[in-house]
Amino acid sequence: ARRIGAITEVIEETGGGLLFDTSEECRQAMQRLILSSALRVELGDRGRHVALERWTEETHIKQYLELIRRVTEDRADPLRTA
């Protein structure tokens with residue numbers, strides 16, 4: 001991915017991809033992927049793991065319900081600090 005925006009943080013944090021700044025760096029990254037099946041498997045495994053950990057429907061629902069629980073508790077006790 002091009003080293004701009006939020007995707008940069010996700011890739012740096014998870015190791016689930018390659019980043020580039022220039023067209024030449026992009027070409028080099030693609031060449032690495034073409035030549036290394038081990039790299040393709042490793043990046044794919046990392047990406048899949050993160051997707052299952054962070055971006056499934058179940059994960060989103062759990063996070064959403066936790067947010068609602070915290071907001072509800074905060075409203076019930078306005079002196080409570082987060």
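Which residues make a nonpolar surface patch of about 390 Å²? The legends below take up this patch and several other sites of a predicted model.

**View 1. The nonpolar surface patch and its place on helix H4.** In this predicted model, Ile 61, Tyr 64, Leu 65 and Ile 68 together make a nonpolar patch of about 390 Å² on the surface. One of these residues, Leu 65, is found in helix H4, which covers residues 57–76. Among the elements of the protein, H4 carries the lowest mean pLDDT, with a value of 92, whereas the highest, 98, belongs to H2.

**View 2. Salt bridges of Arg 69 in helix H4.** The side chain of Arg 69 forms a salt bridge with Glu 66, in which the closest N and O atoms are 2.3 Å apart, and also meets the side chain of Glu 73 in a salt bridge of 2.5 Å, N to O. Because Glu 66 and Arg 69 are three residues apart in helix H4, about one helical turn separates them; Glu 73 and Arg 69, both in H4 as well, are four residues apart, which is again about one turn of the helix. Each of the three residues is partly exposed, the relative accessible area being 30% for Glu 66, 36% for Arg 69 and 29% for Glu 73.

**View 3. The salt bridge between Glu 24 and Arg 27 in helix H2.** The side chains of Glu 24 and Arg 27 meet in a salt bridge with an N to O distance of 2.7 Å. The two residues are three places apart in helix H2, which spans residues 23–35, so that about one helical turn lies between them. Glu 24 counts as partly exposed at 39% relative accessibility, and Arg 27 likewise counts as partly exposed, at 44%.

**View 4. A salt-bridge network of Arg 3, Glu 12 and Asp 21.** Salt bridges link Arg 3, Glu 12 and Asp 21 in a network. Of these residues, Glu 12 is exposed on the side of H1 that lies opposite its buried residues. For the model as a whole, the count of salt bridges comes to nine.

**View 5. The buried and exposed sides of helix H1.** Helix H1, which covers residues 6–14, has Thr 8, Ile 11 and Thr 14 as its buried residues. Seen down the axis of H1, these buried residues fall within an arc of 155°, and they therefore line one face of the helix. Helix H3 is included in what covers them, while on the other side of H1 the residues Ala 6, Glu 9, Glu 12 and Glu 13 are exposed. Just after H1, Gly 15 takes a positive phi of about 70°.

**View 6. The surroundings of Leu 43 in helix H3.** Leu 43 lies in helix H3, which runs over residues 37–54. Leu 43 counts as buried because its relative accessible area of 11% falls under the 20% cut-off. Leaving aside residues up to four places away in sequence, Leu 43 touches Gly 15, Gly 16, Gly 17, Leu 18 and Leu 33; among these contacts is Gly 15, the residue with a positive phi just after H1. Between Leu 43 and Glu 57, which are 14 residues apart along the chain, the C-alpha atoms are separated by 22 Å.

**Confidence across the views.** The protein averages a pLDDT of 93, and 96% of its residues score at least 70.

Key. Residues are numbered from 1 along each chain as its sequence is written. This is a predicted model: local features need pLDDT of at least 70, side-chain atom pairs count only at pLDDT 80 or more; totals for chains, interfaces and linings use all residues. Side-chain values use heavy atoms; hydrogens and water are left out. Patches are made of residues with over 30% relative accessible area and no salt bridge: like charges are joined within 9 Å, nonpolar side chains (Val, Leu, Ile, Met, Phe, Trp, Tyr) within 5 Å. Accessible areas come from the Shrake-Rupley method with a 1.4 Å probe; for residues, only the protein chains shown count as cover. A salt bridge is a side-chain nitrogen of Lys or Arg within 4 Å of a carboxyl oxygen of Asp or Glu. Buried means under 20% relative accessible area, exposed over 50%, partly exposed in between (1.4 Å probe, protein chains only). Contact means heavy atoms within 4.5 Å. pLDDT is the predictor's confidence in each residue, from 0 to 100. The arc is that of the directions from the helix axis to the C-beta atoms.
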